[in-house]
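User: Hi! Could you walk me through the pockets of this protein?
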Amino acid sequence: MPLWPILIMTSPSLLDILCYPDPRLHTVAQPVPVVDERIRGLIERMFATMYDAHGIGLAATQVDVHERVIVIDVSETRDQPLVLINPKIEWASPETRRGEEGCLSVPGIYDGVERSVSVRVTALDGEGQSRTIEAEGMLAVCIQHEMDHLMGKVFVEYLSPLKRNRIKHKLVKAHREALRA
Ligand code: K2U
Ligand code: ZN
């Protein structure tokens with residue numbers, strides 16, 4: 001028996017990422033009731049989708065699943081997956097820093113956003129165990145960016161209305177042209 005059918009069966013299928021200004025991106029996610037096989041299957045597909053899209057984080061909201069699930073991997077080697085289920089920011093440093101951000105749901109757009117430099121987060125892991133994460137640097141920024149997604153917030157909402165409207169019109173035009181192609 002050739003190997004390839006087994007390899008095809010084991011790679012979780014990718015999920016479609018919603019693109020701004022899709023209104024579904026503004027849905028507030030609900031807590032996960034129980035960490036079961038359904039959630040573990042979702043997590044697998046979210047990681048496959050995030051790695052395929054060269055992202056360092058992905059929130060379930062972005063794949064039109066409105067439950068409080070985040071996957072992250074900020075490592076250079078792309079082999080340090082982090083799962084946050086029902087995450088809660090327990091503490092965020094008063095010290096903030098403005099950093100350049102992008103978003104898989106806002107392709108091609110990068111701009112500055114002010115974030116707390118460090119955060120302390122409690123969440124369940126993929127086995128349903130409670131974890132506390134002390135994060136700083138890019139991990140802290142990514143966690144805050146993904147937590148915004150679970151609250152239905154996209155990073156362009158921190159920008160001026162003028163910038164946000166320009167981005168909205170640019171992406172709507174690009175989406176229309178893609179549909180015509
Ligand atoms: O939520 C997402 O779309 C994932 C973001 C996470 C992120 C945004 C800003 C700053 C840190 C993390 C994507 O990973 S955006 C693409 C990207 C890739 C590497 C570094 C920064 C942004
Ligand atoms: Zn994003």
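Analyst: Happy to; we'll look at the pockets and then at a surface patch. This is a predicted model, where local features need pLDDT of at least 70, side-chain atom pairs count only at pLDDT 80 or more, and totals for chains, interfaces and linings use all residues. Residues are numbered from 1 along each chain as its sequence is written, chains are lettered from A and ligands numbered from 1 in the order in which they are written, and side-chain values use heavy atoms, with hydrogens and water left out.

User: How much space lies in the largest pocket?
Analyst: About 550 Å³. A pocket here is an open set of points on a 1 Å grid over the protein atoms alone, where a 1.4 Å probe fits, with protein on both sides within 12 Å along at least five of seven lines; lining residues have an atom within 4 Å of a point. The volume is the space filled by probe spheres set on the points, which are joined across faces, edges and corners.

User: Which residues lie nearest its centre?
Analyst: Ile56, Glu100, Glu101, Gly102 and Met138, out of 27 lining residues. Helix 3 gives the largest share of the lining, 7 residues (helices are DSSP runs of H or I, at least four residues, and strands are E runs of at least two, numbered from the N terminus).

User: New topic: is Val74 buried or exposed?
Analyst: Val74 counts as partly exposed because its relative accessibility is 32% (buried is under 20%, exposed over 50%, partly exposed in between, with a 1.4 Å probe and protein chains only). Val74 sits in the loop between strand 2 (69-72) and strand 3 (82-92).

User: And the second largest pocket, how much space lies there?
Analyst: About 160 Å³. Its lining includes Cys19, Tyr20 and His175.
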